[in-house]
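Hi everyone, thanks for coming. I'll take a few minutes to walk you through one structure, so have a look at it while I talk.

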Amino acid sequence: MELQEWYKLEWMARRALDAAVPTAWMVLGKAAFASVRYPRQVEPGERWANRPWTAVPWIFGNGLFGVEVSFGGERFTAVACPQHAEGLAGVEEMHVLLNTEPVVGFMLHREAVDWLRGWALALVGNGAVRKKAVERARRTGLCRD
């Protein structure tokens with residue numbers, strides 16, 4: 001990888017992490033649901049129901065997993081903290097639920113699920129790595145026990 005490409009990826013990762021929003025995870029069977037505080041204030045679900053979106057998974061150097069979701073010019077990043085990796089290791093589908101009334105949700109693509117599962121399995125399989133990731137993630141202010 002060329003230095004210019006590395007700087008571009010670093011900038012994109014920083015931008016995605018800066019867009020992180022409070023995220024609550026719930027796992028039901030093999031499905032994970034990320035309930036995000038986006039939009040910040042509850043809005044009517046009709047505004048978000050049929051909008052096109054894209055999702056890009058990230059594994060940040062501070063131990064966090066994230067999915068950056070873009071709706072045209074608006075974007076946010078749902079984050080998962082390493083101390084909760086064990087519960088996410090066996091998921092086969094992932095959904096994001098928006099802060100709307102009624103709730104609008106969408107299922108993410110297979111690659112995002114594979115990234116989430118890979119991140120979780122790597123942390124669950126190595127206690128020392130997980131401990132260090134938890135310590136770094138707590139410093140971000142996005143992760144609490």
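Let's start with a pair of charged side chains: Arg47 and Glu43 meet in a salt bridge, with N to O at 2.7 Å. Keep in mind that this is a predicted model. In general, side chains of opposite charge can pair when their charged atoms come close.

So is this pair buried or exposed? Neither, really: Arg47 counts as partly exposed because its relative accessibility is 40%, and Glu43 is also partly exposed, at 22%. The pair has company, too, since a network of salt bridges links Glu43, Arg47, Arg51 and Glu74.

How many salt bridges are there by this rule? The count is eight. Another one joins Arg75 to Glu68, where the closest N and O atoms are 3.5 Å apart. Here Arg75 is partly exposed at 24%, but Glu68 is at 9%, so Glu68 counts as buried.

Then there's Asp114 with Arg117, their closest N and O atoms 2.9 Å apart. Both sit in helix H4, three residues apart, which is about one turn of the helix.

Now, the sheet. It's an open one with four strands, in the order S1-S7-S6-S5, and the pairing is mixed. At the edges you find S1 (20–21) and S5 (54–59), each pairing on one side only. S1 and S7 run parallel, joined by two bridges, and Val21 has Ala78 in S7 as its bridge partner.

Finally, the helices. H1, residues 3–18, lies across S1, S5, S6 and S7, at about 105° to S5. H4, residues 110–124, lies across S5, S6 and S7, at about 15° to S5. Thanks for listening!

How values were computed:
Residues numbered from 1 in each chain as written. Predicted model: local features only at pLDDT ≥ 70, side-chain atom pairs only at ≥ 80, totals over all residues. Heavy atoms only, no water. Pairing = 2+ DSSP bridges. Contact = heavy atoms within 4.5 Å. Axes fitted to C-alpha atoms, helices over the stretch in contact; angles between N-to-C directions. Salt bridge = Lys/Arg side-chain N within 4 Å of Asp/Glu carboxyl O. Buried < 20%, exposed > 50% of the residue type's maximum accessible area, 1.4 Å probe, protein only.
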